[in-house]
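Work through the exercises below with the sequence and the model at hand. Each task is followed by a solution in steps.

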Amino acid sequence: MFPELNNLLNTTPDRAEQGKLTLLCDAKTDGSFLVHHFLSFYLKANCKVCFVALIQSFSHYNIVGQKLGVNLTMARERGQLVFLEGLKSAVDVFFQAQEKPHPLQFLREASAGNLKPLFEFVRVALKPVDSGAAGWTYPVLLVDDLSVLLSLGLGAVAVLDFIHYCRATLCWELKGNVVVLVHDSGDVEDEENDILLNGLSHQSHLILRAEGLATGFCRDVHGQLRILWRRPSQSTSQRDQSLTYQYKIQDRSVSFFAKGMSPAVL
Amino acid sequence: MATVATCGGDAVGVGSAVATASKSNVTSFQRRGPRVSGTNDSGPRLVSITGTRPSVRNGQLLVSTGLPALDQLLGGGLAVGTVLLIEEDKYNIYSSLLFKYFLAEGIVNGHTLLVASANEDPANILQELPAPLLDNCKKEFDEDVYNHKTPESNIKMKIAWRYQLLPKMEQIRPVSSSRFGHYYDASKRIPQELIEASKWHGFFLPEKISPTLKVEPCSLTHGYIKLLQFIQNIIYEEGFDGSNPQKKQKNILRIGIQNLGSPLWGDDICCTENGDSGHNLTKFLYVLRGLLRTSLSACIITMPTHLIQNKAFIAHVTNLSDTVVGLESFIGSERETNPLYKDYHGLIHIRQIPRLNNLVCDESDVKDLGFKLKRKLFTIELESGFAFFHSAHF
């Protein structure tokens with residue numbers, strides 16, 4: 001996790017809020033550093049994490065996680081981390097007919113499917129174990145990323161249904177958290193992606209939006225991060241709080257600064 | 001749909017996704033750790049494979065794309081286990097050249113090739129590969145060889161005479177194969193001996209698909225399914241995924257897929273505006289990347305994106321690929337006569353570079369890149385025309 005981002009979000013692993021949906025989105029840049037942040041954050045907070053990693057392999061997250069101070073292999077061995085590696089599972093489900101429904105069953109279907117098998121996988125993975133020996137604090141679902149599901153033929157409604165079920169089970173029933181990443185297509189007309197993004201924006205409690213700079217590529221400032229706190233269940237009598245920072249990604253951390261205050265400029 | 005019975009080894013289900021113990025998977029994303037001497041290479045240890053080198057940034061295993069200039073822009077080379085997507089230029093001139101450079105580099109390094117095409121027989125593609133400029137033959141490529149008055153047969157004899165001097169086996173493995181990245185002469189064909197000494201597999205779509213096609217509701221176009229099975233078969237049979245541990249010499253599989261997405265593959269994404277309602281191409285890319293990530297292979301795909309009207313689809317394809325490079329040639333466009341671009345044949349856009357095992361990636365600072373194809377060299381450089389333009393007018 002990035003300590004500077006924790007300060008901006010005003011959280012620490014010990015006293016993070018529960019029952020929240022966090023939406024990460026990126027526009028014209030790569031927002032995967034936010035996924036690495038939340039993965040290491042929740043592992044350090046001693047939560048039981050289910051990570052649906054659809055876009056990269058396990059060793060990628062493991063190596064970056066080691067730079068951020070968490071060991072994914074060990075977390076997986078002791079049961080704290082349930083890791084669904086999308087790329088590897090896709091090969092398995094594609095080439096072999098499965099006896100029981102596989103989480104990525106929709107890859108075999110000709111018409112647009114639904115994500116019920118994936119939800120079942122998540123539910124079983126994060127079900128509280130009655131033995132109580134492990135003592136994880138609360139369950140967390142992390143998805144990287146949802147736009148891949150749209151690319152693979154699922155409709156925005158199917159994905160929204162999946163998130164709805166996850167929220168109902170994890171956020172409301174088990175008092176856990178859900179963190180998802182969605183790409184923002186920006187100028188390109190992608191109707192399904194817009195529906196998904198708008199739908200999730202209205203349901204989330206925290207939105208982190210990484211944007212590329214409007215002026216183009218810069219070596220010292222990699223982008224701009226907009227943080228938006230929301231209260232979806234309550235009336236919007238109070239204004240949602242929003243902050244904007246610029247950031248630069250380094251090898252092991254990300255540094256944040258106010259707009260125009262990059263160390264390279266001053 | 002038919003499945004290859006021997007894929008994957010053990011049957012894997014949901015449980016294996018969470019299983020802690022897996023067979024020693026030979027993924028390419030290995031940390032470059034200290035060499036353990038005296039032990040057999042059953043663990044994930046990086047053995048040195050010809051034609052590869054570790055990245056300076058994260059120890060990622062890299063192969064050359066065949067163009068040293070492009071290797072530099074991509075941060076040292078193409079990472080093993082990833083996909084390089086080339087967005088074709090309008091007449092598929094320069095993109096097919098890049099495709100051929102990639103394959104030629106594989107032959108020079110002794111890698112196994114897998115060439116897939118729907119419109120051209122892979123054997124013909126291999127015949128048209130450019131000839132490598134090898135150190136010990138460099139003396140030949142001086143001006144008198146290009147003397148057009150010299151009859152064709154004379155030049156051929158000259159090359160054969162040079163080959164006769166050296167022992168045959170030594171010549172097949174060129175002396176400079178230990179170098180990473182080679183230069184090629186686009187005006188000459190690769191010597192036949194090199195092709196015959198190399199190991200390659202071809203996938204020519206019209207041969208693999210029976211003419212009487214029964215249309216079944218599958219999740220993927222028939223051609224794509226066949227290609228994926230073919231690739232998976234080769235990877236398993238030849239042990240690129242580590243499934244034959246007794247193989248002593250590890251090698252890289254270079255996969256080249258030409259004109260993916262064109263109507264010849266049975267895909268309608270280039271024909272209609274709302275094509276690919278079955279999301280054939282994206283599913284294909286996803287499963288392909290899954291195959292690549294668990295094997296010692298690298299893949300180049302050329303795609304006629306200029307024919308795809310659905311721009312959101314191109315964004316999906318970009319997100320599902322690792323490295324994306326776009327080529328824009330000036331042929332037939334107004335830029336051909338623009339004095340700014342007179343030195344160049346086109347523009348090259350580095351659209352995406354992956355961040356593998358890292359938070360950062362080797363993005364080059366320079367975004368205005370032009371390329372030009374000279375006889376022996378495909379160069380990519382910063383467009384100096386812009387600087388001149390400004391200094392002349394301001």
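**Exercise 1.** Find the residue that follows α3(B) and state the sign of its phi.

Solution. The model is a predicted one. Step one: locate helix α3 of chain B, which covers residues 94–109. Step two: move past its end to Gly110(B), where phi is positive, near 80°. Step three: check the helix itself. With 16 residues, α3(B) spans 23 Å between its first and last C-alpha, close to the 22 Å expected at 1.5 Å a residue. Step four: look at its surroundings. Of the 16 residues of α3(B), 16 are buried, which leaves the helix mostly covered.

**Exercise 2.** Decide how many disulfides the structure holds, and examine Cys166(A) and Cys171(A).

Solution. Step one: recall that a disulfide is a covalent bond between the sulfur atoms of two cysteines. The cut-off for counting a pair is 2.5 Å. Step two: take Cys166(A). The nearest cysteine sulfur belongs to Cys50(A) and is 8.5 Å away, and Cys166(A) is in no disulfide. Step three: take Cys171(A). Its closest cysteine sulfur is in Cys166(A), at 8.7 Å, and this is too far for a bond. Step four: give the total, which is zero disulfides over all chains. Step five: add the accessibility. Cys166(A) has 0% relative accessibility and therefore counts as buried. Cys171(A) has 9%, so Cys171(A) counts as buried too.

**Exercise 3.** Describe how β8(A) and β9(A) are arranged, and say which residue stands opposite Phe257(A).

Solution. Step one: find strand β8, residues 242–249 of chain A, which pairs with β9(A) in the antiparallel sense over four bridges. Step two: examine the connection. The two strands, β8(A) and β9(A), form a hairpin with four residues between them. Step three: read across the pair from Phe257(A) to Gln246(A), which stands opposite. Step four: inspect the faces of β9(A), residues 254–257. Val254(A) and Phe256(A) lie on one side, Ser255(A) and Phe257(A) on the other, and all are buried, leaving both faces covered.

**Exercise 4.** State how many cavities of 30 Å³ or more the structure has, and describe the lining of the largest and of the second largest.

Solution. Step one: the search of the whole structure gives four such cavities. Step two: the largest has a volume of about 220 Å³. Its lining has 20 residues, and those nearest the centre include Leu74(B), Ile353(B) and Asp362(B). By class, this lining has nine nonpolar, eight polar and three charged residues. Step three: the second largest cavity holds about 40 Å³. Among its lining residues are Thr65(B), Leu98(B), Tyr101(B) and Ile300(B). The lining of the second largest cavity divides into six nonpolar, one polar and no charged residues.

Methods: Residues numbered from 1 in each chain as written. Chains lettered and ligands numbered in written order. Predicted model: local features only at pLDDT ≥ 70, side-chain atom pairs only at ≥ 80, totals over all residues. Heavy atoms only, no water. Buried < 20%, exposed > 50% of the residue type's maximum accessible area, 1.4 Å probe, protein only. Expected span 1.5 Å × (residues − 1). Pairing = 2+ DSSP bridges. 1 Å grid on protein atoms, 1.4 Å probe; cavity = no way out; pocket = protein on both sides within 12 Å on 5 of 7 lines; lining within 4 Å. Points joined across faces, edges and corners; volume = space filled by probe spheres on them. Nonpolar A, V, L, I, M, F, W, Y, C, P; charged D, E, K, R; others polar.
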